[in-house]
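Hi everyone, thanks for coming. Please have a look at the sequence and the structure on the screen, and then I'll walk you through a few parts of it.

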Amino acid sequence: MNQSAPGWAENSAFGSFTPPIRRLMGPGPSDVHPRVLAAMGRPTIGHLDPAFVGMMDELKALLRYAFQTDNDVTFPVSGPGSVGMEACFVNLVEPGDTVIVCRNGVFGGRMLENVRRCGGTAVVVDDDWGEPVSPARLDSALHEHPEATLVAFVQAETSTGALSEPGPLVALAHRHGCLAIVDAVTALGGCPVETDEWDIDAIYAGSQKCLSCPPGLSPVSFNARAVQRVRERATPCQSWFMDLDLQLGYWSAGARTYHHTAPVNALYGLHEALLMLREEGLEHAWDRHRGNHLALVAGLNAMGLSLFVDESHCLPQLNMVVIPDGIDDAPTRARLLDEFGIEIGGGLGALAGKVWRVGLMGYASRPENVLALLWALESVLSAQGRTVPQGAAEKAAREVFDRSPGRRGDEGAAR
Ligand SMILES: *Cc1c(COP(=O)(O)O)cnc(C)c1O
């Protein structure tokens, strides 16, 4: 071992890393519930240990609940949301396939890149950033491209804060003989995701947005049509790691052969997070996200701030706040982090410097966080010379909390 490697000797003061305490109110990762962290600290066991296999079965059942599906093929892919995205595309796109990608933000752009790298031809249907995906535009693209085999879109665009309605888009895809891939990374747990009712063929999510869990796992679900499409491929899936058949060798009941070493402790965490979602109840979780969003918006409005996205299709879990004139983006976010321990996100692409992205996702969606951010913003904006009516934001937010039945905003997250 080279003890004299540059940087080693002079850093003999290295110690354990102790992260600061933060409120994670950006586009992800979001606050992780202490119960989830505690679960992840339990002893590591073998990923083929019979005790672990029992936990895997529960985890799959809990995921079916979260996705509202009976799909057999429902399991977490080892890797962040981007890996779930890629797993859907590499399995369902063959070289030469035409895929319609609806793009209304950054993540639709990534879907497009996936199609290209799979050797597919992408037809892009663009919608303005901040707007939902338009069924009418998708319909004309489907008419113009009868050769298309697949439609892909993002339900909850984290880069813009816009919510699209999956049901009608999936129905259009099916009417034209296409399967539909839906990105539910930010949607799952934060707003309704009805995989079976909407007849979604392949869907992927992420552990770190509205599931109160750290990053690193991507739940996916494929229905029978999608599984059949994968089985009928003329060419093998170009990714060995993400090949659905091989993955199912580990995740299918009965099979359980070694594929890769599953991230054992991360899976404990996801199991606990999903258990908490089951205890709270999906509908209560959706109500909680909505209630805290409404309180935040009331507070921001009282401070003279507005949202970038129209309330009719605004995501409750990701709020795009227009940065007011005379306020600088980066220094404001730096002060929120340094002085108040609050992380919010900046805008992406064309929206950089123009908006803040305030996440109220999973365990981060609780009244305490709403109030903390409003107080902090009031202080930081006032310090930059903006006239902010003192206490007005808090009062407006509290009025919303007091109106909501049973203070839904608190349920579940308080556990
Ligand atoms: C965060 C996110 C992803 C990517 O997830 P990672 O865990 O960062 O890889 C994909 N799609 C959407 C809509 C997201 O918000």
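I'll talk about a strand, then a helix and the residue at its start, and finally some cysteines. Keep in mind that this is a predicted model.

Let's begin with strand β8, which covers residues 179–183. Is this strand buried or exposed? It is largely enclosed by the rest of the structure, because 5 of its 5 residues are buried. The side chains go two ways: L179, I181 and D183 point one way from β8, while A180 and V182 point the other way. Both groups are buried.

Which strands pair with β8? One is β5, residues 148–154, which runs parallel to β8 and is joined to it by 5 bridges. If you want to find that pairing on screen, look for L150, which sits opposite L179. Another is β9, residues 202–204, also parallel to β8, with 3 bridges between them. There, D183 has Y204 as its bridge partner.

Now let's move to helix α8, residues 244–251. This helix is mostly covered, with 6 of its 8 residues buried. Among them are L244, Y250 and W251. What do the buried residues pack against? Their neighbours are the helices α2, α3, α7 and α9, together with the strands β2 and β10.

Just before this helix comes D243, in the loop between α7 and α8. D243 caps the N-terminal end of α8, with a side-chain oxygen 2.9 Å from the backbone nitrogen of D245. D243 is buried but has no salt bridge. The nearest side chain of opposite charge belongs to R233, and that is 7.2 Å away. Leaving aside residues up to four places away in sequence, D243 touches N91 and C237.

That brings us to the cysteines. As a reminder, a disulfide is a covalent bond between the sulfur atoms of two cysteines. How many disulfides are there in the whole structure? The search finds 0. Why does C237 not form a bond with C118? C118 holds the closest cysteine sulfur, but that sulfur is 7.8 Å from the one in C237, so it is too far for a bond. C237 itself is buried, at 11% relative accessible area. C314 is in no disulfide either, and its nearest cysteine sulfur, in C191, is 11 Å away. C314 also counts as buried, with a relative accessibility of 5%.

That's my tour, and I'm happy to go back to any part of it on the screen.

Technical notes: Residues are numbered from 1 along each chain as its sequence is written. This is a predicted model: local features need pLDDT of at least 70, side-chain atom pairs count only at pLDDT 80 or more; totals for chains, interfaces and linings use all residues. Side-chain values use heavy atoms; hydrogens and water are left out. Buried means under 20% relative accessible area, exposed over 50%, partly exposed in between (1.4 Å probe, protein chains only). Helices (H or I, at least four residues) and strands (E, at least two) are DSSP runs, numbered from the N terminus. Two strands pair if DSSP finds at least two bridges between them. Lys and Arg count as positive and Asp and Glu as negative; His and the chain ends are not counted. A salt bridge is a side-chain nitrogen of Lys or Arg within 4 Å of a carboxyl oxygen of Asp or Glu. Contact means heavy atoms within 4.5 Å. A disulfide is a pair of cysteine sulfur atoms within 2.5 Å. A polar contact is a pair of N or O atoms within 3.5 Å; within protein, one must be able to donate a hydrogen and the other to accept it, and residues adjacent in sequence count only if both atoms are side-chain atoms.
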